[in-house]
Amino acid sequence: MSAAIWKTSDGHFLLRGREAEIPMGVSVRQPDGETITASSEYHLITADGRVARTFGPPASYSLDITLGIVNIHAVIGDALHCLHWKERDGGEPTVEDEVRLSGLRAVGREECPFDPAAVMAALSGGRA
């Protein structure tokens with residue numbers, strides 16, 4: 001498993017949160033070629049421990065003859081990617097890729113100026 005904490009180029013920290021299976025039993029091929037069946041939430045945390053942004057779990061939708069799954073997040077290399085899986089009228093699925101954050105550097109807990117476990121516990125309603 002890859003690192004769970006990354007430092008951004010602007011001094012914030014990205015923490016990997018809870019994992020969720022991709023809906024509808026879908027697996028998605030990431031841009032690096034790896035196939036995934038689950039995605040994690042990610043939380044962008046300021047240096048003083050405040051949540052600046054949350055990148056949510058995957059969610060499915062149906063619109064006319066299109067099925068889709070949005071918010072499939074994965075850190076690939078030094079970037080947080082958001083993948084969007086779509087299948088139109090039973091055809092071959094396509095995956096769109098958008099980089100949400102780039103310039104990430106994996107760090108250890110000791111490099112955070114806050115307690116990552118406390119932040120994650122607060123985000124999960126006190127459940128560590």
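Contact here means heavy atoms within 4.5 Å. The model is predicted.

**Exercise 1.** Find the residues that Trp6 touches, not counting residues up to four places away in sequence.

*Solution.* Start at Trp6 and skip residues up to four places away in sequence. The contacts are then His12, Phe13, Leu14, Arg16, Tyr42, Val75, Leu104, Arg105, Ala106 and Val107. Next, turn to the largest nonpolar core, which has nine residues. Trp6 belongs to this core, along with Leu14, Tyr42, Leu44, Phe55, Val75, Leu80, Leu101 and Leu104.

**Exercise 2.** Work out the strand order of the open five-stranded sheet, then place helix α1.

*Solution.* The order is β6-β5-β2-β1-β11, with antiparallel pairing. Now look at the edges: β6 (51-55) and β11 (105-106) each have a single partner strand, so one side of each is left without a neighbour in the sheet. Take β6 and its pairing with β5 (residues 38-45): four bridges join them in the antiparallel sense. One bridge links Ile45 to Val51 of β6. Last comes helix α1 (residues 116-123), which packs on the sheet and touches β1 (5-7), β2 (13-21), β5 and β6. The helix direction makes about 45 degrees with that of β2.

**Exercise 3.** Decide whether Cys82 and Cys112 are buried or exposed, and count the disulfides.

*Solution.* Buried means under 20% relative accessible area. Cys82 has 7% relative accessibility, so Cys82 counts as buried. Cys112 has a relative accessible area of 10%, so Cys112 is buried. A disulfide is a covalent bond between the sulfur atoms of two cysteines. Searching the whole structure gives zero disulfides.

Terms used:
Residues numbered from 1 in each chain as written. Predicted model: local features only at pLDDT ≥ 70, side-chain atom pairs only at ≥ 80, totals over all residues. Heavy atoms only, no water. Core = buried A, V, L, I, M, F, W, Y, C linked by side-chain atoms within 4.5 Å. Buried < 20%, exposed > 50% of the residue type's maximum accessible area, 1.4 Å probe, protein only. Disulfide = S-S within 2.5 Å. Pairing = 2+ DSSP bridges. Helix = DSSP H or I, 4+ residues; strand = E, 2+ residues; numbered from the N terminus. Axes fitted to C-alpha atoms, helices over the stretch in contact; angles between N-to-C directions.
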